[in-house]
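User: Please examine the model shown below. I should like to go through the ligand site, a pocket and the backbone in turn.

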Amino acid sequence: MICKNIGINEKGHLTFAGRDTVELAAKYGTPLYLLDEERVRENCRVYKNALSRELGEASLPLYAGKALCVKDVYRIMREEKMGIDVVSCGEIFTAWSAGFPMENAYFHGNNKTDEDVRFAFEKGVGCFVCDNEEELCAIEREAAERNTVQKVLIRVAPGIDPHTHKAISTGSIDSKFGTAIETGQAMELVSLALSKKHVALAGLHCHIGSQIFETQPFCDAADIMLRFMAEIKKEMGCTLTELNLGGGIGVRYLESHPEIDVDGYITEVAAHIKSAAKALSFPLPAIRLEPGRSIVADAGMTLYSAGAVKRIPGFKNYLSVDGGMADNPRYALYQSPYTVEIANKMNEEKTFVCTVAGRCCESGDMIQENVPLPEPERGDTVAVCTTGAYNYAMASNYNRLPRPPMITLTANGEHIAVKRESLEDLIRNEL
Ligand code: LLP
């Protein structure tokens, strides 16, 4: 199985977090998102323990809520004493509503509006990751008005291609995110930040991409960032104390993907950071990492009911499910791989190779292609694994489909984290 929270029980049913998924589908209906709370906690602890062990107590992982932003997840983050990365008033509001201590929130985004800036101040967001000059001035204005000093990091584009899907590679120089070192603009922005009375520049941030399996891109990014920090020290006499290397550690979607040992990964990157800082005679900064996917992806699963089974002789087979691109747009957008199973036929031979299609009126609405499955029938429970990240978060009401509910499976029970949208919900804002 691709993750240790997935198994098969004596009935030949797929289990998730120790529960029979066929029973869960019958109890709550489909489509259905499941969230394994213990798995989320374990993933957080791996980051927390490895970072503090290797880089000291001042280091902290920040959960990137863009991967899955619901109150229940922020409750877990609060209890696990994680920091968080937020990117909008909506994410700030969700975290704040869950009682998350907002001083541990870092506010990202390449175009924060004045309203966003004001809202973040109001809710006590601890740190702004400042993307550009306009934003810096907006923060300075708001902080001056409130007669306070706001902690900021500056987002820098280190110019690294992490060999990942281009659409999610965000650290290169021509990116809309951050300010490039190479063009001299990052140094100018640092200098401007240092001149502002109501801004306290603590350090730098970069994010090189997502679904990265190798440690090398992170080590390269750390080198570039530390060198730049040393240069700032030399040119401006200012020793920055925080370095945020962003998110991006990959997860296993298929059996053929490598199993990532996040603890070992962080140990390796940390050793590199320590020796790079030493070589530059630069004091080791407090390190931040911003994992999203690797905290929640394998803690999620989606259950559907099988509908039409279409055999087109000489061409291909389709199995249609009662969800699709509205609850998981990632195959349509990025051709993302997923492991698909028929949850009630786990011990049957996989003789039916098919495209698992969604129910939307769009031919690109697919969950996966070329999937070997047991012979499917209408009513089977279809499970898609590793859907915790960027599924619910990217879901839409396309074709007026109500969003599915999310059930959190806890150590000793389960609860509805998000209820199923109703038809009334769909027209709620229409006057
Ligand atoms: N920090 C920043 C500044 C980010 O932009 C991101 C992701 C993260 C952290 C978290 O990265 P992660 O650990 O999750 O890789 N929708 C795409 C992924 C977009 C990622 C955007 N930024 C997908 O479904 O694959």
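User: To which side-chain N or O atom does an oxygen atom of the ligand come to 2.5 Å?

Analyst: This is a predicted model, in which local features need pLDDT of at least 70 and side-chain atom pairs count only at pLDDT 80 or more, while totals for chains, interfaces and linings use all residues. Residues are numbered from 1 along each chain as its sequence is written, and side-chain values use heavy atoms, with hydrogens and water left out. A polar contact is a pair of N or O atoms within 3.5 Å; within protein, one must be able to donate a hydrogen and the other to accept it, and residues adjacent in sequence count only if both atoms are side-chain atoms. The 2.5 Å distance leads to an N or O atom in the side chain of Arg330.

User: How much of the accessible area that the ligand has on its own does the protein cover?

Analyst: Ligand oxygen also lies 2.7 Å from a side-chain N or O atom of Tyr390 and 2.8 Å from a polar backbone atom of Arg293. Accessible areas come from the Shrake-Rupley method with a 1.4 Å probe; for residues, only the protein chains shown count as cover. Of the 590 Å² that the ligand has on its own, the protein covers 91%.

User: Which helix gives the largest share of the lining of the second largest pocket?

Analyst: A pocket is found on a 1 Å grid over the protein atoms alone, as an open set of points where a 1.4 Å probe fits, with protein on both sides within 12 Å along at least five of seven lines; lining residues have an atom within 4 Å of a point. Of the 19 residues lining the second largest pocket, those closest to its centre are Arg39, Asn43, Glu259, Ile260 and Asp298. Helices (DSSP runs of H or I, at least four residues) and strands (E, at least two) are numbered from the N terminus. Two or more lining residues come from each of helix H2 (37-55) and helix H9 (262-279), and the largest share, five residues, belongs to H2.

User: Which residue is joined to Thr30 by a cis peptide bond?

Analyst: Most peptide bonds are trans. Here the bond after Thr30 is cis, with omega of about -10 degrees. The partner is found in the loop between helix H1 (21-28) and strand S4 (32-36), and this partner is Pro31.

User: Which residue has a positive phi although it is not a glycine?

Analyst: Most residues other than glycine have a negative phi. In strand S18 (residues 366-373) lies Asn370. The residue with a positive phi, about 55 degrees, is Asn370.
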